[in-house]
Amino acid sequence: MTIVIRRYYFSAAHVLRRSDWDEDRNRSVYGKCANPAGHGHNYEVFVSVRGDPDPDTGRVVSWERMDNIIRERVIEPLDHTFLNREIPEFLRTVPTAENIARYIWDALKGELAPAQLHRVRLVETRNNSVEYYEDLNA
């Protein structure tokens with residue numbers, strides 16, 4: 001079993017708040033990130049896939065193919081957007097780093113076969129990153 005990891009970048013804005021909560025509750029949960037004007041990040045995304053290398057190519061997945069799929073399904077839709085306003089998923093879900101990582105997973109799941117999506121790591125700031133993966137034994 002081999003794991004391949006590729007790194008990607010996108011920039012996006014968001015606000016962490018729920019419309020069904022009042023200002024005090026949003027501020028107590030999300031702090032300054034609840035500012036209705038929003039704020040932005042230069043996100044870094046690590047996508048890991050796993051599998052056995054192809055005996056002919058020696059690769060788990062073509063890097064060019066992986067790059068094209070991730071560019072089409074993740075980078076182009078998210079880059080330079082205001083997530084809460086432009087991405088349908090985040091019209092109803094708070095775009096926390098955790099939820100963005102899951103969104104990326106869902107956008108890629110099954111798309112990189114025969115390689116199997118292994119993990120999505122989203123770096124939001126120097127001090128804040130999350131990893132999303134599903135229990136492959138379930």
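Strands S1 and S3 run parallel and are joined by 2 bridges. One contact point is alanine 13, whose bridge partner in S3 is phenylalanine 82. This is a predicted model, and every value below is computed from it.

S1 has another partner. Strand S1, residues 2-14, pairs with strand S2, residues 39-51, in the antiparallel sense, over 13 bridges. Isoleucine 3 of this ladder faces arginine 50 in S2. The full sheet is open and holds 5 strands, in the order S3-S1-S2-S4-S5. The pairing is mixed. S3 and S5 (128-132) are the edge strands, each with a single partner strand, so one side of each has no neighbour in the sheet.

Now follow the chain. It contains 5 helices and 5 strands. Along the sequence they come as β-α-β-α-β-α-α-α-β-β. The C-alpha atoms fill a box of roughly 60 × 30 × 25 Å along the principal axes. Among contacts in the chain with a separation of 6 or more, 67% are between residues 24 or more positions apart. Of the 138 residues, 43% are buried.

Next, the interior. In soluble globular proteins, nonpolar side chains tend to be buried together. Here the largest nonpolar core has 33 residues. Phe10, Val49, Ile104 and Leu122 touch the most other members. S1, S2, H2, H5 and S4 each supply at least two residues of this core. H5 gives the largest share, 8 residues. Another core lies apart from it, with 5 residues, among them Trp21, Tyr30, Ala34 and Val94.

Phenylalanine 10 is a good place to zoom in. Leaving aside residues up to four places away in sequence, phenylalanine 10 touches residues including Tyr43, Val45, Ile75, Leu78, Ile100, Ile104 and Leu122. Polar residues are on the contact list too, including His41, Asn42 and Asp79.

Rings come next. A pair of aromatic rings is described by the distance of the centres and the angle of the planes. A search of the whole structure finds 4 aromatic pairs. Phenylalanine 10 and tyrosine 43 form a stacked pair, with 4.9 Å centre to centre and 20° between the planes. This pair links distant parts of the chain: phenylalanine 10 is in strand S1, tyrosine 43 is in strand S2, and they are 33 residues apart. Both phenylalanine 10 and tyrosine 43 are buried. Tryptophan 21 and tyrosine 30 have ring centres 6.1 Å apart and planes at 20°, so this pair is stacked as well. Tryptophan 21 and tyrosine 30 are both buried, and both belong to the 5-residue core.

Charges also meet rings. The charged end of arginine 85 sits over the ring of phenylalanine 82, at 3.9 Å from its centre. Phenylalanine 82 is also the bridge partner of alanine 13. Elsewhere, arginine 119 lies over the face of tyrosine 133, 4.0 Å from the ring centre.

Turn to polar contacts. Glutamate 89 lies in helix H4, residues 89-92. The side chains of glutamate 89 and arginine 102 are joined by a polar contact of 3.1 Å. Not counting residues up to four places away in sequence, glutamate 89 touches Arg102 and Tyr103. Helix H1, residues 23-30, has a contact at its start: a side-chain oxygen of aspartate 22 reaches to within 3.2 Å of the backbone nitrogen of aspartate 24. After H1 comes glycine 31, with a positive phi near 60°.

Some backbone details remain. Most residues other than glycine have a negative phi, and most peptide bonds are trans. Histidine 80 has a positive phi of about 55° although it is not a glycine. Histidine 80 lies in the loop between helix H2 (63-78) and strand S3 (81-82). Is histidine 80 buried or exposed? Histidine 80 is exposed, because its relative accessible area is 65%, and the cut-off for exposed is over 50%.

The other case is a peptide bond. Alanine 113 and proline 114 are joined by a cis peptide bond, with omega about 10°. Proline 114 is found in the loop between helix H5 (97-108) and strand S4 (116-125).

Methods:
Residues are numbered from 1 along each chain as its sequence is written. This is a predicted model: local features need pLDDT of at least 70, side-chain atom pairs count only at pLDDT 80 or more; totals for chains, interfaces and linings use all residues. Side-chain values use heavy atoms; hydrogens and water are left out. Helices (H or I, at least four residues) and strands (E, at least two) are DSSP runs, numbered from the N terminus. Buried means under 20% relative accessible area, exposed over 50%, partly exposed in between (1.4 Å probe, protein chains only). Two strands pair if DSSP finds at least two bridges between them. Rings of Phe, Tyr and Trp (its six-membered ring) pair if their centres lie within 6.5 Å; planes under 30 degrees apart count as stacked, over 60 as edge-to-face and the rest as tilted. A charge sits over a ring if NZ of Lys or CZ of Arg is within 6 Å of the ring centre and within 35 degrees of the ring normal. A polar contact is a pair of N or O atoms within 3.5 Å; within protein, one must be able to donate a hydrogen and the other to accept it, and residues adjacent in sequence count only if both atoms are side-chain atoms. Contact means heavy atoms within 4.5 Å. A nonpolar core is a set of buried Ala, Val, Leu, Ile, Met, Phe, Trp, Tyr and Cys residues joined through side-chain atoms within 4.5 Å.
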